[in-house]
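Reader: I have a protein model open and would like to learn how to read its strands and pockets. Where should we begin?

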Amino acid sequence: MKPIPFNRAAVTGRELEYVSRVISAGPLHGDGPFTRSCHEWLERLTGSPKALLTTSCTHALEMAALLLDLKAGDEVIVPPFTFVSTVNAIVLRGARPVFVDIRPDTLNLDETQIEAAVTPRTRAILLVHYAGVGCEMDAIMAIAARHGVPVIEDNAHGLFGTYRGRPLGTFGLFSTLSFHDTKNLSCGEGGALLVNDARYADRAEIIREKGTNRTRFYRGQVDKYTWCDIGSSYLPSDILAAYLLAQIESHERIQRRRHELWSRYAADLASWAPGAGVRLPVVPDHCTHPAHIFYLLMPSLEARTALLAYLRQRLILAVFHYQPLHLSDMGRRLGGRDGQCPVTEEVCDRLVRLPLFFQLEDDDQARVIEAVTGATSG
Ligand SMILES: *Cc1c(COP(=O)(O)O)cnc(C)c1O
């Protein structure tokens with residue numbers, strides 16, 4: 001029996017060819033021709049006016065925090081059911097994350113609880129489209145407008161997802177993407193910042209280039225470049241952009257296969273799940289998702305532990321995430337306490353992610369489905 005990993009990064013064929021082109025023709029540094037092609041693609045795919053590749057989604061989130069001038073005393077509303085980077089970006093600026101719980105169905109920020117968390121110090125609502133299923137953007141944008149605070153979308157899961165026909169990542173002032181090798185498209189480590197208000201575009205370029213206007217200099221818009229603002233080095237090498245471009249160009253193939261796999265899990269597990277006390281992903285009618293995650297919500301922590309062990313015996317690697325951030329060591333130091341976000345706390349104990357990746361073969365997926373349904377049949 002061969003092991004079935006949880007994830008393998010997609011390889012679609014032209015990655016090496018593009019990388020060799022960078023090696024032979026250069027430049028190796030950032031913002032070369034491959035980076036520019038990736039920017040154009042991302043702008044075309046999302047409709048955002050400005051895409052900037054970054055070294056990670058983590059760094060794109062840090063750029064968003066810098067662009068907002070977050071500082072000590074500021075508050076940012078954020079779900080505790082997310083990867084640490086979402087919240088680190090806030091804390092690195094000295095600002096305070098204000099955790100708002102998630103909805104039990106989509107596992108997205110619960111829009112009905114946002115308004116109660118808004119204070120005069122609220123500087124942003126930073127949300128995550130979990131599994132690439134859109135948050136309730138109509139309600140959230142209305143709350144944000146009422147209080148005059150921007151929305152930032154951590155769209156690490158949601159490239160190609162839509163909410164009422166509009167691409168995720170285009171609602172907020174800024175949004176971020178991840179090209180980590182666990183994501184649908186990847187270059188190992190990488191990300192992007194989408195700047196949806198053109199007034200922030202120049203400053204975003206400056207922050208990304210060590211606080212200098214080197215990007216304008218490269219475009220011939222200034223005859224020398226200088227230190228203009230705070231910033232850091234957030235741009236990836238064109239080697240990574242070359243790899244990523246091969247992936248972006250193959251996005252239809254990658255997405256088609258991921259959707260086939262996702263839909264098969266949904267179809268083949270649908271009749272089994274209710275009897276086993278398991279809930280499958282919920283996708284509202286007004287959302288389309290990018291087949292990033294297929295999860296099971298088990299009836300209890302014990303049932304989850306048992307399922308993961310059963311799958312492991314059959315050489316199938318399934319995983320769980322996240323740790324409720326308000327209950328992590330750092331979260332508790334920031335004031336997090338048990339019972340603060342009950343839906344998150346409960347979901348984090350029960351969630352299982354099944355293997356879902358471009359190269360997963362039909363037979364292997366059948367083995368996963370058989371094992372999952374067999375594990376709970378007695
Ligand atoms: C993967 C992920 C990140 C971090 O992405 P990197 O590119 O690894 O920095 C941030 N937020 C969410 C929700 C993620 O899933």
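Author: Begin with one pair of residues: Val76 has Pro97, in β3, as its bridge partner. Keep in mind that this is a predicted model.

Reader: Which strand does β3 join, and by how many bridges?

Author: Strands count as paired if at least two bridges are found between them. Here β2, residues 75–78, is joined to β3 by four bridges, and these two strands run parallel.

Reader: What is the order of the strands in the sheet?

Author: Reading across the sheet, one lists the strands by their pairing. The order here is β1-β9-β8-β5-β4-β2-β3, an open sheet of seven strands with mixed pairing.

Reader: Which are the edge strands?

Author: An edge strand pairs on one side only, and that is the case for β1 and for β3, residues 96–99. From one strand to the next, the twist averages 20 degrees.

Reader: Which strands does α6 lie across?

Author: For a helix on a sheet, look at the strands it crosses and at its angle to one of them. α6 lies across β1 and β9, the latter being residues 191–195, and α6 runs at about 10 degrees to β1.

Reader: Now the pockets. What is the volume of the largest pocket?

Author: About 430 Å³. The next step is to see what lines it. The lining of this pocket has 25 residues, and the closest to its centre are Phe83, Ser178, His180, Thr182 and Lys183. Two elements, α3 (57–67) and α4 (84–92), each give two or more residues to that lining. The largest share, three residues, comes from α3.

Reader: How do the residues of that lining divide into nonpolar, polar and charged?

Author: In the largest pocket, eight are nonpolar, 13 are polar and four are charged.

Reader: What is the volume of the second largest pocket, and which residues are the closest to its centre?

Author: The second largest pocket has a volume of about 270 Å³. Its lining is made of 13 residues, with Asp31, Arg36, His39, Thr215 and Arg219 the closest to the centre. The elements giving two or more residues to this lining are α2 (33–46), β1 (50–54), α6 (201–208) and α7 (214–218).

Reader: Which element gives the largest share there?

Author: α2, with four residues. By type, the lining of the second largest pocket has three nonpolar, two polar and eight charged residues. You can also link the two topics: β1, an edge strand of the sheet, is among the elements that line this pocket.

Key: Residues are numbered from 1 along each chain as its sequence is written. This is a predicted model: local features need pLDDT of at least 70, side-chain atom pairs count only at pLDDT 80 or more; totals for chains, interfaces and linings use all residues. Side-chain values use heavy atoms; hydrogens and water are left out. On a 1 Å grid over the protein atoms alone, a cavity is a set of points where a 1.4 Å probe fits but cannot get out, and a pocket is an open set with protein on both sides within 12 Å along at least five of seven lines; lining residues have an atom within 4 Å of a point. Grid points are joined across faces, edges and corners, and a volume is the space filled by probe spheres set on the points. Ala, Val, Leu, Ile, Met, Phe, Trp, Tyr, Cys and Pro count as nonpolar, Asp, Glu, Lys and Arg as charged, and the others, Gly among them, as polar. Axes are lines fitted to C-alpha atoms, for helices over the stretch in contact, and angles run from 0 to 180 degrees between N-to-C directions. Contact means heavy atoms within 4.5 Å.
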